[in-house]
Amino acid sequence: MTYKTLTAASVAALMLGSTGAFADTWRYAFEEAMDEVQGKFAQKFKEEVEANSDHEIQLFPFGTLGESADTMEQAQSGIVQFVDQSPGFTGALIPEAQVFFVPYLLPQDQDHLVKFFRTSKTIHELFPPLYADQGLELLTMFPEGEVMMTTQEPVTSPADLDEVKFRVMTNPLLVESYNAFGATPTPLPWGEVYGGLQTGIIQGQENPAFFIESTKMYEVTDYITRTGHNNFTTAVMANKDFFDELPEEDKTVIHNAMEAAFDYIVDYQTGLTETSLEKIKEAKPSITITDLTEEQRQPFMDTADSVEEEFLKIGGSQAQAILDQMKADLEAAAQ
Ligand code: 6CS
């Protein structure tokens, strides 16, 4: 869907200007619902900006302006000023952002992970010029939780994924990763996932527990498997021309609001994975949730080197520099 094919309701919403109490309105589109992690982050950002400036933030959750690819187009062309798009959908635009799909690169330890996001030179120094080349000001990246596999049959080894049509985000390295895991990766936009699982077009997908719960994906899946291979990363950006033209004062308001929203979302996610899994078990007692042992994880871990090599081939001209810096950042954050 493009701007031209937006529903009448969405266009009407877009055209609604400031309510009068504000100097102007900035539009912020994201890939999830209001009560999901990206929505909570966006609401905190809005609250901070509106409390500290005369700008209003208008929020557009998933579906109101189209799929992730549509909102990215809208952000690049300045129809929306802010967009939250996960690197899972940014692969074609910024090939280096695929680094987040090298399995077992990001730690599962929450403190280590959060420290990495806060201090990473890769995120704060190397990525911004790559996003800028695409007309985007990279404002922040944050983690959304341990990624888990949902399937119709049990998974304890890569052999169990043989012939499983496994939905992944539209990211070439994620496709490679699931090829290496032994599955048949099927890239699809988010809007097609629930129906695809329901009709059997796909038999598996991966996402954090909160999202499996809130989107009721557990209804169309029988097994949840914790392989520990990744943590869901997302990124918030502004249209670069819009951002560059802002007075320093507004840039500071935006940066401060991003920092406040980052702190808030880290706190918000404390215990969220376990609470979400409990809610899933309550809603569907027949579901099987398995945390693979180190031994069971090993064959999945053994694929990491080949996916890393593939990243160096398809991850753009800065792939090697990004991977090296990312490893250095992870090591530094472990101290
Ligand atoms: O799997 C997806 O496509 C979606 N997953 C999450 C956690 N957020 C947005 C994204 O579109």
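**Two domains, a shared core and an enclosed ligand**

About 3700 Å² is buried between domain 1 and domain 2, and carbon and sulfur atoms give 67% of this area. The size of an interface is often given in just this way, as the accessible area lost when the parts come together. The structure considered here is a predicted model. Its protein chain is divided into domain 1, covering 8-145 + 232-268, and domain 2, covering 148-230 + 272-334. Between the C-alpha centres of domain 1 and domain 2 the distance is 23 Å. Across the boundary, 50 residues of domain 2 are in contact with 36 residues of domain 1.

The nonpolar interior comes next. The largest nonpolar core has 99 residues, and Y28, F45, F82, F127 and Y131 are those with the most contacts inside it. Both domain 1 and domain 2 give residues to this core, so it lies between them. Y131 offers a handy view of the packing: leaving aside neighbours within four places in sequence, Y131 is in contact with T90, I94, A97, L136, L138, M141, A235 and M237.

Turning to the ligand, the residues around it are E31, E32, F89, R167, M169, W190, N207, P208, F211 and F232. Three of these side chains deserve a closer look for their polar atoms. In the side chain of E32, an N or O atom is 2.7 Å from a nitrogen atom of the ligand. R167 places a polar side-chain atom 2.8 Å from an oxygen atom of the ligand. For N207, an N or O atom of the side chain is 2.9 Å from a ligand nitrogen atom. Taken alone, the ligand exposes 300 Å², and the protein buries 100% of that.

Note on methods:
Residues numbered from 1 in each chain as written. Predicted model: local features only at pLDDT ≥ 70, side-chain atom pairs only at ≥ 80, totals over all residues. Heavy atoms only, no water. Core = buried A, V, L, I, M, F, W, Y, C linked by side-chain atoms within 4.5 Å. Buried < 20%, exposed > 50% of the residue type's maximum accessible area, 1.4 Å probe, protein only. Domains from an automatic or database assignment. Contact = heavy atoms within 4.5 Å. Near = heavy atom within 4 Å. Polar contact = N/O pair within 3.5 Å; in protein donor to acceptor, adjacent residues only side chain to side chain. Areas by Shrake-Rupley, 256 points an atom, 1.4 Å probe, with all protein chains shown as cover. Buried area = accessible area lost by both parts, 1.4 Å probe.
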